[in-house]
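Dear colleague,

Please find the structure below, handed over for your use. I would be grateful if you read the notes after it alongside the coordinates.

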Amino acid sequence: MAMTARQRAQVSLYVQAGIFVVAVAALILATDWKTIGTSVFNFAKIGPMFPDIFVAGLKNTLIYTSLGFIVGLSGGLLLALMKLSSFPLYRWIATGYIEFFRGIPALLVFIAFGYGVPLAFGVQWNVTIVVMISLGMVAAAYIAETLRAGLQAVPKGQLEAARSLGMPQWRAMVSIVIPQAFRIVLPPLTNEVILLTKDSSLIYVLGLTASQYELTKFGRDGISSLGAGLTPLLVAGAFYLVITIPLSLLARKFESRSARTKR
Amino acid sequence: MNDVVHSSGTSAPVRAAGVSLKDLRKSYGSNEVLKGISLDVAPGEVVCLIGPSGSGKSTLLRCVNLLEQPNEGTIHVGGFEATDPDVDIDRMRRKVGMVFQQFNLFPHLNALQNCTIAQTKVLKRPQSQADNVARANLERVGLGHLADRFPDQLSGGQQQRVAIARALSMDPELMLFDEPTSALDPETVGDVLSVMRNLAKEGMTMLVVTHEMGFAREVADRVVFMDGGVVVEEGTAEQVVGAPTQSRTKEFLKRVLDPTHIEIAS
């Protein structure tokens, strides 16, 4: 019997859903739930992680991320303005910086500022400073590109109108252009924070004391101290989602709001 | 340059500045847009610049407050020589109000804030005084009741009137209008023109790039016809629009005044 195009599409969707259900069922049946329950995700071992996962892990992840973001945002704004400068030297410095820090693994930056720089200059930095600088400098490179795009998206007439009212260049940027650029880049900027949250885990390469553990290090430490298989790490992973999913929702909200104001 | 003080009805008296342009030249690469323009605008005078698109009239207007940097020539505005390399350009621009074809209102600020931000940040007026000046100017353009609206909540004509109020809030001595009605829906053009007409009556010096021949005839003390980067003809509106002597002026006016006129290539 001949089917219409609409019916064929309908059947195709049912088949796809069927395949998905069968695959999930097969996975559930094939899984060794007993082993998983004891050595991968053991419910009984979750309890001992509390409340330490809040007072050390989650708290430190939030602190490290915030510090990194503050440095990254200020550095990124400076770099973005340098990149748009009419003075070639500023543009070269900004371009060099951005290409360098976007091009190397963040882990290397942590090692460099955790071990290399203190050794080379004979300074002693505590972990918070190292995280702030490392995370901030990597973030600045990414944020700079985001902000540059945002600044360029503000129509040229805005700057002209501001200058025509007698505002000096810096004042026109601060009061007129930058606020509009931030509005444009809020969604991508929120995504930068999500990336930053996860990158804060890289400080595991530094020697940390228990009170300095952030979520991932806390989870890894739990594996050996609690003997609970991967349970602590999986719980830590869930906590990342507690941070990042609301941020994603926030980004989406910003996106729909800017779509509405833009006619 | 002499400043003339005119008294006006409700608002503060307008201090009007004059403009003097000499041998102004401006090129973009090898394309010379202004080919030596001289033009004087007396304090309190209203001068309309007309001409086909690409004739350089907008560029000329933008040179007056240095949104475009001329290659040669001198510009005097009020007591300032704009072309002096040492001129305090920001101080000069405070005296020169600019109204753009695309309004260029600040979209993140409401109508009142659009009119206060430069007052507080540039003139350092206290917020309360700035608010009062802004409200008075919004009233002046007939939009006192929409002070809380954001630009995207206003029609084109309303936005342009807010833009005029924004410029007036700085107490300018000269107003530049760059095709202020060209981006507007036909039914809102009249409101903007009537605001400009009142401003002219109050004695403001105005330099207006426009295609509104009716406005030019009625309001302009002088009309300047530009084509190809030079001033082709200038005089009173009656002379230039009513009885042009140059063939290029006649040709242009024929096309502008009679939209049904179709040029047939021979």
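The notes below cover the conventions, chain A as a whole and the nonpolar cores.

This is a predicted model, in which local features need pLDDT of at least 70 and side-chain atom pairs count only at pLDDT 80 or more, while totals for chains, interfaces and linings use all residues. Residues are numbered from 1 along each chain as its sequence is written, chains are lettered from A and ligands numbered from 1 in the order in which they are written, and side-chain values use heavy atoms, with hydrogens and water left out.

Chain A has ten helices and zero strands (DSSP runs of H or I, at least four residues, for helices and of E, at least two, for strands, numbered from the N terminus). Its C-alpha atoms fill a box of roughly 75 × 75 × 30 Å along the principal axes. Of the 263 residues in chain A, 39% are buried (under 20% relative accessible area, 1.4 Å probe, protein chains only).

The largest nonpolar core (buried Ala, Val, Leu, Ile, Met, Phe, Trp, Tyr and Cys residues joined through side-chain atoms within 4.5 Å) holds 54 residues, and A:Ile203 and A:Leu215 touch the most other members. Helix α6(A) supplies the largest share of this core, twelve residues. Leaving aside residues up to four places away in sequence, A:Ile203 is in contact with residues including A:Tyr64, A:Phe110 and A:Leu208 (heavy atoms within 4.5 Å). A second, separate core has 48 residues, among them B:Val46 and B:Phe252.

Yours sincerely

Conventions. Buried means under 20% relative accessible area, exposed over 50%, partly exposed in between (1.4 Å probe, protein chains only).
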